[in-house]
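Reader: I would like to learn how to read a structure of this kind. Please show it to me and take me through the features step by step.

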Amino acid sequence: MNRRETLCTMALTRLPRLSAVNARMLIEACGSAAAVVEHHDHLTDVLPSAGERLVGTLAHMGEAMGRAEAELDYAEHNGIRCLCIGDADYPDLLRQCPDAPPVLYYLGNADLNRLHVISVVGTRRCTEYGKDLCRHFIADLAGICPDTLVVSGLAYGVDIHAHRAALDCGLPTVGVLAHGLDTIYPSAHRQTAARMAEQGGLLTEYMSHAAVDKGSFVRRNRIVAGLAVATIVVESADKGGALITAELAGEYNREVCAFPGRVFDKYSEGCNRLIARQQARLITSVDDFLAAVGWHNPRTAPSAADARQQELFPVLTDDERTLLAALEDVDSKAVNQIVIDTNLPFQRVSALLFELEMKGLVAVMGGARYRKVRTFG
């Protein structure tokens, strides 16, 4: 995306009373953020349906553009990438969410569009049980899926233990912040954040010098949920941000998993309730998780003889045929485009791609793209 479009998109996020949802709708209606800025003082010429409130909001465009210019200079000076919702590097999974931020500010080197992305969330007052779960689960996952990206919120408790476990196991990990990249909150996590910038990244929708308030932490939960194929709740009381994140993940049609705890443990109440209400899959191990999301697990994979038998005599389901049809007449296609073309959930597409790869019918390319290998049936 060119610098002008980036600048204009950033400016829209500075307008008072313009939500992320409405900013995105406005960009799509006008064709670009630059078009919105260009016509801000006569918006009804390009958008006749614009109401007085929206027109009044755009009256602040001059001030917003000035703030955006200062922020873009700051980002360029400090190696921060400004990812607009139309950019190729913008997280595809998050883009599918209706309330995705129009702009993300990113300091890091992890690929946000890799196939295996999980969010790990939980209480800020995690017990030794929760700490052990983070360490053992992530270490085991790293051995099986070493390309997994671990996302959390850099908060006290489960968040920071998930980040540190990922770093120790060599997995990239991204922290979603509720403020700008000019600061780290809590400050006790600065050292870990510095490591993450080298082995993962720090991500936020907020410009520098943004005020830190309770609402910001609640809003960032949607990014934590939207970035991932699945959200894993390690420990949670009966209320808290982890349950909000789990609820959002469910609304985004993502997998939600939770570790159970003893019925009298305060910080397992939320997990147990999610499981009891069938709002989360009960997991006790990496094997359970991989089965839930449909990722390849060599420990439970069929034998070589079974694999050869499947390759010689593949039997296709209706969903597999639908997916193969989406790959017809193209060199390759990104996973997010396959999701759109087939109208199947992301986790279902991920599982189908693996099955078809095992049957020798599709091949994985670079950048999480797939191509059809041969026609069957």
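Author: Let us begin with the labels: helices (H or I, at least four residues) and strands (E, at least two) are DSSP runs, numbered from the N terminus. With those labels, Ser 236 can be placed in the loop between β7 (230–233) and α11. Before we go on, please note that this is a predicted model, in which local features need pLDDT of at least 70 and side-chain atom pairs count only at pLDDT 80 or more, while totals for chains, interfaces and linings use all residues. Residues are numbered from 1 along each chain as its sequence is written, and side-chain values use heavy atoms, with hydrogens and water left out.

Reader: Is Ser 236 buried or exposed?

Author: Three words cover this: buried is under 20% relative accessible area, exposed is over 50%, and partly exposed is in between, with a 1.4 Å probe and protein chains only. Ser 236 is buried, because its relative accessible area is 2%.

Reader: Which residues does Ser 236 touch?

Author: A contact means heavy atoms within 4.5 Å. Leaving out residues up to four places away in sequence, Ser 236 touches Thr 123, Ala 242 and Leu 243, together with Lys 266, Tyr 267, Ser 268, Glu 269, Gly 270 and Cys 271. You can read another loop residue in the same way: Asp 99 is in the loop between α6 (92–95) and β2 (103–108). With that sequence limit again, Asp 99 touches Ala 20, Val 21, Arg 222 and Tyr 252. The C-alpha atoms of Asp 99 and Ser 285 are 32 Å apart, with their places 186 residues apart along the chain.

Reader: How do I check the length of a helix, say α8?

Author: The expected span is 1.5 Å times one less than the number of residues. Helix α8 (residues 158–169) has 12 residues and should therefore span 16 Å, and its end C-alpha atoms are indeed 16 Å apart. Just after α8 comes Gly 170, with a positive phi near 80 degrees.

Reader: Which residues of α8 are buried?

Author: In an α-helix there are 3.6 residues a turn, so residues three or four places apart point the same way. In α8 the buried residues are Val 158, Asp 159, Ile 160, Ala 162, His 163, Ala 165, Ala 166 and Leu 167. They pack against strands β3 (117–121), β4 (149–152) and β5 (173–176), and against helices α7 (128–144), α9 (190–198) and α10.

Reader: At what angle do α10 and α11 pack?

Author: Axes are lines fitted to C-alpha atoms, for helices over the stretch in contact, and angles run from 0 to 180 degrees between N-to-C directions. Helix α10 (residues 214–226) packs on helix α11 (residues 241–251) at about 50 degrees, and their axes are 8 Å apart. That makes α10 oblique to α11, since angles under 35 degrees count as roughly parallel, over 145 as roughly antiparallel, 65 to 115 as roughly perpendicular and the rest as oblique.

Reader: Which residues of α10 and α11 meet?

Author: From α10 come Asn 221, Arg 222, Val 224 and Ala 225, and from α11 come Gly 241, Ile 244, Thr 245, Leu 248 and Ala 249. This contact of α10 with α11 has five nonpolar residues, three polar and one charged. Here Ala, Val, Leu, Ile, Met, Phe, Trp, Tyr, Cys and Pro count as nonpolar, Asp, Glu, Lys and Arg as charged, and the others, Gly among them, as polar.

Reader: What about α15 and α16?

Author: Helix α15 (residues 318–326) and helix α16 (residues 335–342) pack at about 115 degrees, with axes 10 Å apart. Thr 322, Leu 323 and Ala 326 of α15 make the contact with Ile 338, Asp 341 and Thr 342 of α16. Three of these residues are nonpolar, two polar and one charged.

Reader: Now the backbone: which residues have a positive phi without being glycine?

Author: Most residues other than glycine have a negative phi, and most peptide bonds are trans. Leu 154, in the loop between β4 and α8, has a positive phi of about 60 degrees. At 0% relative accessibility, Leu 154 counts as buried. Asn 343 also has a positive phi, near 60 degrees, and lies in the loop between α16 and α17 (346–358). Asn 343 is exposed, at 70% relative accessible area.

Reader: Where is a cis peptide bond?

Author: Tyr 185 and Pro 186 are joined by one, with omega about 0 degrees. Pro 186 belongs to the loop between β5 and α9.
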